[in-house]
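Visitor: I am new to this structure and would be grateful for a close look at a single part of it. Please choose one part and describe its setting with care.

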Amino acid sequence: MASGETVLQIEGLTKVYRSIFTPAGVKAVDDLNLLVRRGETYSIVGPNGSGKTTTLKILLGLIFPTAGTASIFGKGIADLSVREQIGFLPEDAYLYDVFNGEELLNFYAGLFGFSKKRRRELTDELLSLVGMQANRKIPFRECSKGMRQRLALAQALVNDPELLILDEPTSGLDPAGRHQMTRLILELKRRGKTILLCSHFLAEVEEVCDRVGIMYRGRLVAEGTLTELAGAPTEIVITTSGLGADTAKELAGHAAVLGVEDGTVRMGHESEGDIWSVLEEIHRVGGTILEVSRPRPSLQDVFVRAIRQDTTEEAE
Amino acid sequence: MTPQLAFLIGLFIVIVALVLTRKQWAPAVLHAVPSIWRIAKITVAEARRRRVIQAVVILVVLILISMTFFSYLSPQEQSRMLISGGLAAVTVFGILLAIFVAAFLIPQELENRTVYAILAKPVRRFEFVLGKYVGALIILAVIVVTMTVVLVGVLLLQDKLVQDLPDSAFDPNIGGVVFAAVMSYFAIAVLTALIVLISTVASTTMTIISAFIIWAVGSLQSTISDLAAHAELPVTKALLTIVYIVVPKLENFDFRHEVSNFMPVSYMAAWNPLLQGIGYVAVVMILASVFFNDRQV
């Protein structure tokens with residue numbers, strides 16, 4: 001993870017949607033504070049309606065905040081020059097569907113004022129990067145979901161942006177498409193891009209992100225690196241085979257063992273000193289030791305825990 | 001030089017001088033023009049690909065050609081009917097297409113969310129609105145020109161067919177027809193600007209309904225003026241006066257009656273509606289840009 005210059009800073013960002021039916025308003029984003037540094041891949045995760053997309057739309061100037069500020073590369077988000085350095089991949093890839101990849105990239109590159117020659121070069125480079133070179137003439141509406149998403153990523157890269165904002169980049173993709181998109185994001189990360197990613201595919205987030213912010217009901221309820229969020233391992237897990245019901249019962253009686261289930265022996269993390277005696281005991285009762293591990297909670301566990309904790313605090 | 005022409009030239013000089021003397025404006029204008037042009041081009045290309053407009057134009061062309069089948073009329077009646085019917089077709093279909101093209105321009109971008117990828121790039125919202133408007137103007141110009149060319153072709157063909165007949169008095173009045181079609185195009189341009197303005201704040205359905213009402217009211221402005229003059233209730237008078245002032249006077253662009261009846265047309269009479277139209281479009285597009293600028297997309 002990089003710890004350099006601040007690329008994106010959000011302070012006290014709040015968005016309230018008001019209508020005649022909800023005069024008091026609905027808070028989509030509530031006092032959000034967030035900081036992304038250069039070269040970092042930061043992911044905002046959260047359930048639907050947690051305010052992720054609203055936050056991104058505010059950053060892009062598509063909607064306006066009710067309160068708070070946001071700056072990108074030290075400039076306010078209303079500053080047009082900021083958008084010279086941003087690439088945005090919208091959720092569900094909304095591009096003009098009558099045009100093919102080549103035409104679309106030529107158009108989007110034109111919005112940055114590139115010459116015809118440069119536009120042609122960029123189109124070739126980007127189509128090749130996203131693996132669409134062979135399908136460059138297929139109209140967008142005839143492209144598969146995965147191809148559309150890759151073209152949408154290519155349009156986000158036409159200006160070689162320093163900050164990439166990706167909204168649900170793998171949404172609706174099949175496993176192969178998700179894998180391809182994740183590879184592309186990792187490649188962009190390797191090239192030094194700063195990436196702000198919104199997703200609810202936690203496995204993809206775990207694979208690509210340096211830091212994660214968990215949003216729930218418009219608020220950031222937890223934030224940190226995956227290690228920080230997951231915390232220290234809480235258990236030692238011994239995977240075995242050949243344990244019968246009686247021997248499992250016998251093992252469960254050991255002081256350091258928390259439980260035995262389907263050949264998996266769980267020990268408390270603090271019982272590290274007792275591990276050899278437990279292993280010997282397993283061996284003695286005729287079990288075979290397959291693996292000893294100290295698993296960390298997954299992002300899924302962290303996510304559920306954070307949301308549950310927030311809901312409990314609210315109820316109190 | 002007429003006062004109207006002097007006004008237009010003066011306006012142009014003032015705008016150029018303002019842009020040149022204010023350094024901070026120059027980059028904005030230099031940036032805006034290419035962006036507006038690119039958005040206009042993609043708008044035109046998209047309309048061309050969708051082929052709906054082509055289908056309507058083909059239909060109108062067929063209608064215009066079918067008008068030549070009224071051979072039982074006298075040559076003069078035939079020419080009157082062809083010019084009057086042809087210009088009506090150009091105007092009515094032009095306006096109908098303007099309504100349906102313009103009403104979908106911005107709402108469709110919002111609905112399909114194609115606007116996200118554009119506004120996330122260094123494109124100002126007013127550039128987007130103006131680009132869409134210019135694109136619509138190009139599409140409608142192509143439509144009106146196509147229909148006018150076909151109408152002129154039909155008139156010339158008919159002229160050739162009847163010229164050998166005894167007592168031939170067929171007058172294709174090509175100059176008048178082209179003039180009336182150009183004026184119809186300007187009416188379409190004014191109406192399109194207004195539709196774009198409405199579409200920045202209203203849904204597509206509301207925009208279409210409003211456009212039809214404006215078209216009807218704009219074509220009856222002299223009647224509205226008379227009604228306002230003779231209204232007894234002050235509220236009615238005030239309302240009618242507001243409608244008269246706010247709604248563009250589309251009937252001022254309508255020279256079909258004069259042209260089809262071979263009445264002398266003073267081309268200078270076009271200046272007033274043209275200048276009013278330019279002013280009206282400028283105000284309306286500024287308002288559309290302001291409204292769209294404040295719109296959450």
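Guide: What follows is an account of one helix and its surroundings. The model is a predicted one, and the part chosen is helix α8 of chain B, residues 204-218.

This helix has 15 residues. From its first C-alpha to its last, α8(B) reaches 20 Å, close to the 21 Å expected at 1.5 Å a residue.

Which residues of α8(B) are buried? They are Thr207(B), Ile208(B), Ala211(B), Ile214(B), Trp215(B) and Gly218(B). When the helix is viewed down its axis, these buried residues fall within an arc of 130 degrees, so they line one face of the helix. A general point helps here: an α-helix has 3.6 residues a turn, so residues three or four places apart point the same way. On the face of α8(B) turned away from the buried side, one finds the exposed residues Thr205(B), Ile213(B) and Ala216(B).

The buried face has partners within chain B: its residues pack against α4 (75-111), α7 and α9 (221-230). Of these partners, α7(B) deserves a description of its own. Helix α7(B) has 26 residues and reaches 37 Å from its first C-alpha to its last, close to the 38 Å expected at 1.5 Å a residue. Of those 26 residues, 20 are buried, so α7(B) is largely enclosed by the rest of the structure.

A closer view of this packing is offered by Leu191(B). Leaving aside residues up to four places away in sequence, Leu191(B) touches Ala211(B), Ile214(B) and Trp215(B), and also Ile95(B), Ala98(B) and Leu250(B). The residues Ala211(B), Ile214(B) and Trp215(B) are among the buried residues of α8(B).

Leu191(B) also has a place in a wider setting. The largest nonpolar core has 146 residues, and Leu191(B) is one of those that touch the most other members, together with Leu151(A), Ile165(A), Leu140(B) and Val196(B). The helix that gives the most to this core is α7 of chain B (residues 174-199), with 16 residues. Apart from this core lies another, of 11 residues, including Ile236(A), Ala248(A), Leu251(A) and Val260(A).

Finally, a word on how the two chains meet. In chain A, 22 residues are in contact with 21 residues of chain B. On the side of chain A that touches chain B, β6 (86-89) and α2 (101-110) each supply at least two residues, and α2(A) gives the most, with 3 residues. By class, that side has 16 nonpolar, 4 polar and 2 charged residues.

Terms used
Residues numbered from 1 in each chain as written. Chains lettered and ligands numbered in written order. Predicted model: local features only at pLDDT ≥ 70, side-chain atom pairs only at ≥ 80, totals over all residues. Core = buried A, V, L, I, M, F, W, Y, C linked by C-beta atoms within 7 Å. Buried ≥ 20, exposed ≤ 12 C-beta atoms within 10 Å, placed from the backbone. Helix = DSSP H or I, 4+ residues; strand = E, 2+ residues; numbered from the N terminus. Contact = placed C-beta atoms within 7 Å. Nonpolar A, V, L, I, M, F, W, Y, C, P; charged D, E, K, R; others polar. Expected span 1.5 Å × (residues − 1). Arc of directions from axis to C-beta.
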